[in-house]
Amino acid sequence: MRFWGVRGSIACSGPRTARYGGNTSSLEVRCDERLLLFDAGTGIRYLGKALEGKELDTDLFFTHTHFDHVCGLPFFRPFFESGNRFRLWAGHLDARQMTLKRVLSEFMMSPLFPVPPEIFHAQMEYRDFRSGDTLRPAAGVTLKTAPLNHPDGATGYRIEYAGKSLCYLTDTEHVPGKPDRNILGLIAGADLVIYDCMYTDEEYPRYATWGHSTWQEGVRLCREAGAKRLVVFHHDPEHDDDMLDGIAREVEKALPGSVVAREGLVLEP
Ligand SMILES: [Zn+2]
Ligand SMILES: [Zn+2]
């Protein structure tokens with residue numbers, strides 16, 4: 001898997017965030033030839049440039065549809081190439097009230113945005129499911145899902161392929177002293193856990209109810225669930241490179257092999 005955007009809430013450019021990167025959530029996962037995408041923050045624009053000219057038949061899974069996870073969507077060039085096929089998935093909406101297609105259509109609507117999703121030339125399918133469902137987007141690829149604790153809901157994913165497992169859990173808030181049972185179940189024994197580490201435990205009390213967690217909680221969850229490595233993700237825009245270097249040292253000590261996500265980082269479970 002490769003990170004194209006690792007930042008939470010809002011993109012932030014500038015010298016203080018240049019090394020870890022300022023783009024919001026976007027992940028590329030490859031199961032041999034099969035490509036899976038996760039979230040469409042500002043990082044997906046760069047992924048789109050890297051994929052240009054390739055014929056794609058691909059799934060894009062959203063954790064949820066808060067702005068920082070969808071705002072790169074209209075700038076993903078492969079959507080403008082006819083011949084490409086995409087299936088877009090979301091599990092956090094109650095499809096009786098609101099579908100993924102409707103959310104994206106309302107976000108790409110004048111005067112918020114000049115053109116609607118119909119501008120895309122690729123074949124687009126929108127698929128709503130329920131967090132907790134198991135998805136099988138391709139032969140041998142299993143996606144287990146679980147609901148996360150976040151305003152408006154969010155979905156956590158566990159991707160299993162060829163005996164390896166990679167979990168992607170953002171955005172989610174923990175309750176201090178009460179490990180999230182849904183998350184423990186999803187990450188049990190996983191090889192790699194990418195987790196919402198927006199804050200530190202020291203900062204967290206100021207941001208209770210904002211829907212995010214801490215790297216220390218990520219370590220506690222991984223230990224309890226027997227997961228091997230934690231990947232610190234969804235960095236607060238106020239956390240500059242020096243601060244993230246400090247967290248990288250701490251998290252490696254707390255759970256050896258763990259790392260802080262940065263743009264361009266490639267990991268193999
Ligand atoms: Zn977010
Ligand atoms: Zn969110």
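Four donors around a metal count as tetrahedral if all angles lie between 85 and 135 degrees, and as square planar if opposite donors are over 155 degrees apart and all others between 65 and 115, anything else being irregular. In this predicted model, the 4 donor atoms around the zinc ion (ligand 2) subtend angles of 90 to 171°, and the arrangement is therefore irregular. The protein donors of this ion are His64 (NE2), His66 (ND1), His150 (NE2) and Asp171 (OD), which lie 2.1 to 2.7 Å from it, and their spacing in sequence is H-x1-H-x83-H-x20-D. Because His66 lies in the loop between strand E4 (57-62) and helix H2 (67-70), while His150 lies in the loop between strand E8 (141-148) and strand E9 (154-161), the pair ties together parts that are 84 residues apart in sequence. His66 is partly exposed, at 24% relative accessibility, whereas His150 is buried, with a relative accessible area of 9%. Asp171 bridges the zinc ion (ligand 2) and the zinc ion (ligand 1), which lie 3.7 Å apart.

Strand E4 also belongs to an open sheet of 6 strands with mixed pairing, in the order E1-E2-E3-E4-E5-E6. Strand E1 (2-5) and strand E6 (123-128) stand at the edges with a single partner strand each, so one side of each is left without a neighbour in the sheet. Neighbouring strands are turned by 20° against each other on average, direction ignored. Strand E3 (residues 34-38) pairs with E4 in the parallel sense over 3 bridges, and Phe38 stands opposite Phe61 in E4.

Helix H1 (residues 44-51) packs on the sheet, where it touches E1, strand E2 (26-31), E3 and E4, and its direction makes about 40° with that of E2. Helix H3 (residues 100-107) lies across E4, strand E5 (85-90) and E6, running at about 120° to E6.

How values were computed: Residues numbered from 1 in each chain as written. Chains lettered and ligands numbered in written order. Predicted model: local features only at pLDDT ≥ 70, side-chain atom pairs only at ≥ 80, totals over all residues. Heavy atoms only, no water. Donors = N, O, S within 2.8 Å, 3.2 Å for Na, K, Ca; no water. Tetrahedral: all angles 85-135°; square planar, octahedral: opposite > 155°, others 65-115°. Helix = DSSP H or I, 4+ residues; strand = E, 2+ residues; numbered from the N terminus. Buried < 20%, exposed > 50% of the residue type's maximum accessible area, 1.4 Å probe, protein only. Pairing = 2+ DSSP bridges. Axes fitted to C-alpha atoms, helices over the stretch in contact; angles between N-to-C directions. Contact = heavy atoms within 4.5 Å.
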